[in-house]
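Biologist: I'm new to reading protein models, and I'd love a close look at one single spot. Could you start there and then show me how it fits into the rest of the chain?

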Amino acid sequence: MKIKTKLNAGVGLLFFMIIVLSTLGGWFIYQLKKDTQNILAANYNTLQYSRNMLLSLEEIEKEPFALSEFQKNLDLQRQNITESGEKEATQNIHEHFSELQNDQGNYSLHSAIRKDIAELMQLNMNAIQIKSGIANTTAQNAIAVISIAGTLCFLIAFILMVNLPANISNPIRELTSSIHQIANQNYRQRVQFESNSEFGELARSFNTMAEKLQEYSESRIDKILKGKKRIETLIDNMHDAVIGIDENRKVLFVNDEALKISGLKKENFVGKLIQDVAVSNDLVRDLIKEIINPDAEKNPAELLKIFVEGKENYFEKEILDIKVIPTGEKESSFIGQVIMLRNITPFKELDLAKTRFIGTVSHEFKTPISSIQMGLQLLENEKIGSLNEEQQKLIKGIEDDTVRLLKITGELLNIAQLETGVSQLNIRPFKINHMIEEVIKTNKSAADKRQISIYTDVDSTLDVMNADQEKTLWVLNNIVSNAIRYSYELSKVIIKVERLNSEHVKFSVTDRGLGIEEQYLKHIFTRYFRVPGTKTEGTGLGLSISKEFIEAQGGSISVESEIGNGSIFSFILKIN
Ligand code: ADP
């Protein structure tokens, strides 16, 4: 049955019961009223008239108008005949009264009339008793009928009160709990209600929706599984090694390449805590250094050299944090990390080939350039023949170019040697003063050309130091030549050598040149870096080579500079 029909029927029944009860009540009240009115009209009036007649009869001897009063009440009584026998009793009174009117002194008539009246009164009192009995029965019937009807109504109302709200609220409760189940992704949830009520329709719609959601979720899971398989295959076939860990550092996946280079079996890797795997595997230990100790200083350029299948391979390590924003939230949460080892061996091999090529070329260039230099010196010699002014200028130009060429090839050769690891340290004692003199000699002509004076300030307590003389000289030469090249004409360059402590010596070269902007200072020792806008020719290699030469000897190199005020390049080395 439809909810609306049920409600209509329930409320209608209650309404009907109210009508039945009120009609019954009204009918019985009417009956009782009729019974009492009957007594009043039919009997009470007769008693009243009889009483008046008796009183008038007492007065007849003294008051002549009492006769008319008697006559008046008798007439009223004659019109109020209601009981059987009443008519005869009234007729007797009338006859005796007519006789009394003709014979007023006859006292026997007085008593006859009194008797008649008494009989009339008795008749009516009997009738009153009977009618009161009837009214009583009516009242008892009314109580019985109304009580039965009331009890019936109460029972029906009670049944309705118990059943009707539950009939509506139970399905709503069931539906609410089913909706909760669906919200919790339990798409198998169904509801069953009486099929032809509105809830039945609702249940059918709900079940259709749940079925479709179930279908969708199953197809989605299928899609997700396929997608997962695709990604797993992709990761497995990657040439780079990939290891995925969750937020508790448990290994989630490892691809074939990672297994190959680590030499581990999948079952000994996946599902284990990565730090436990690292205990027995050097490579994994190396990989998770940063994960275990995130505050440790990172070296982004650090490459991992790993022997795979008897061949040297180079890998670049990258650790990616995986963060997702959960549905309905604003903050992203950390769910794990992916460690990637990019195999850069082919690039490394190409780079090495390039470096070797540069090394070979610059080495091969050195001899012909030196021969050109010698040839030029011979040409300048007057014994060979004199040159006119024009020719001398040309020779000077060629000489400058060969010096530059020699500097460039020298720098390239140094770089190639550093990269290939050919460059070796040759530590032995040498005199500091000799090295300074050599530097001044080398840079004299360049300084003179720009009218720059070179000053020296060497600590007199310093004499011999133990280092790679060639490389240290090269660095000092490079710094002094930079100081001259990047200074204004007529300025001065100071070479200072001081004892820092009993173990260290500090070389510094101060110029009053252009200076370097603060933003470029951190890049100055990077390969091929040149301050933007630098007009003087150069390769941008000198300072990077200097840094590597000094650091190879356990020293450090630094720069202080202020734009427009000049620069101070200094390096510190051990004395012994
Ligand atoms: P190069 O001098 O061949 O360009 P360097 O590595 O020696 O290469 O120097 C890198 C850059 O640093 C230069 O190009 C120049 O811009 C800047 N630089 C080096 N020394 C000085 C200096 N004393 N004063 C100002 N700038 C300098």
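In which helix is the place of Thr402, and which residues does that helix cover?

Modeller: Good place to start, and one thing up front: what you're looking at is a predicted model. Thr402 has its place in helix α11, which covers residues 389-420. Its relative accessibility is just 5%, and buried means under 20%, so Thr402 counts as buried.

What is it touching? If you skip the neighbours within four places in sequence, Thr402 is in contact with Ile369, Ile372, Gln373 and Leu376. Now zoom out one step, to the domain assignment. Domain 3 is given as 350-419, a range that takes in Thr402 and those four contact partners. Next in the list comes domain 4, given as 425-574.

Helix α11 turns up again when you look at helix α15, residues 542-552. The buried residues of α15 are Gly542, Leu543, Ser544, Ile545, Ser546, Phe549 and Ile550. What covers them includes α11, along with α13 (469-485) and the strands β11 (556-562) and β12 (566-574). So when you trace α11 on screen, keep an eye on α15 too, with α11 as part of its cover. After α15 comes Gly554, and its phi is positive, near 85°.

While we're on backbone angles, here's a handy bit of background. Most residues other than glycine have a negative phi. That makes two loop residues worth a click. One is Leu490, in the loop between α13 and β9. Its phi is positive, near 70°, and Leu490 isn't a glycine. Leu490 is also out in the open: a residue is exposed at over 50%, and Leu490 has 65% relative accessibility, so it counts as exposed. The other is Tyr528, in the loop between α14 (518-521) and α15. Tyr528 has a positive phi as well, about 65°, again without being a glycine. With a relative accessible area of 47%, Tyr528 is partly exposed.

There's another loop to visit, the one between β9 (492-499) and β10 (504-511), and that's where Asn501 has its place. Asn501 is partly exposed, at 36% relative accessible area. Try picking out Lys574 as well. Asn501 and Lys574 are 73 residues apart along the chain, while their C-alpha atoms are separated by 9.6 Å.

Now for some longer reaches. Ser68 belongs to helix α2 (residues 66-78) and is partly exposed, at 46% relative accessibility. From the C-alpha atom of Ser68 to that of Ile398 it is 180 Å, with their positions 330 residues apart along the chain. The range of α11, 389-420, takes in Ile398 as well as Thr402. Glu88 is in helix α3 (residues 86-102) and is partly exposed too, with 49% relative accessibility. The C-alpha atoms of Glu88 and Ala203 are separated by 84 Å.

Then there's Ala278, in helix α7 (residues 274-279). Ala278 counts as buried, with a relative accessibility of 5%. Leaving out neighbours within four places, its contacts are Val284, Arg285 and Ile288. Between the C-alpha atoms of Ala278 and Ile484, a residue in the range of α13, the separation is 54 Å.

Those distances lead us to the whole chain. The domain assignment also has domain 1 (3-170) and domain 2 (238-343), and the centres of these two are 111 Å apart. The C-alpha atoms fill a box of roughly 210 × 60 × 50 Å along the principal axes. In total the chain has 15 helices and 12 strands. Its radius of gyration is 65 Å, well over the 25 Å that the globule rule gives for 576 residues, so the chain is more spread out than a compact globule.

How much of it is tucked away like Thr402? Buried residues make up 32% of the 576. The chain exposes about 35400 Å², with carbon and sulfur atoms supplying 56% of that. Of the contacts between residues at least 6 apart in sequence, 64% join residues at least 24 apart. As for charge, there are 67 positive and 76 negative ones, and their mean positions are 5 Å apart.

So, back to your spot: Thr402 is a buried residue in α11, a helix that also helps cover the buried residues of α15.

Key. Residues numbered from 1 in each chain as written. Predicted model: local features only at pLDDT ≥ 70, side-chain atom pairs only at ≥ 80, totals over all residues. Heavy atoms only, no water. Helix = DSSP H or I, 4+ residues; strand = E, 2+ residues; numbered from the N terminus. Rg over C-alpha atoms; globule rule 2.2 N^0.38 Å. Buried < 20%, exposed > 50% of the residue type's maximum accessible area, 1.4 Å probe, protein only. Contact = heavy atoms within 4.5 Å. Areas by Shrake-Rupley, 256 points an atom, 1.4 Å probe, with all protein chains shown as cover. Lys, Arg positive; Asp, Glu negative; His and termini not counted. Charge placed at Lys NZ, Arg CZ, Asp CG, Glu CD. Domains from an automatic or database assignment.
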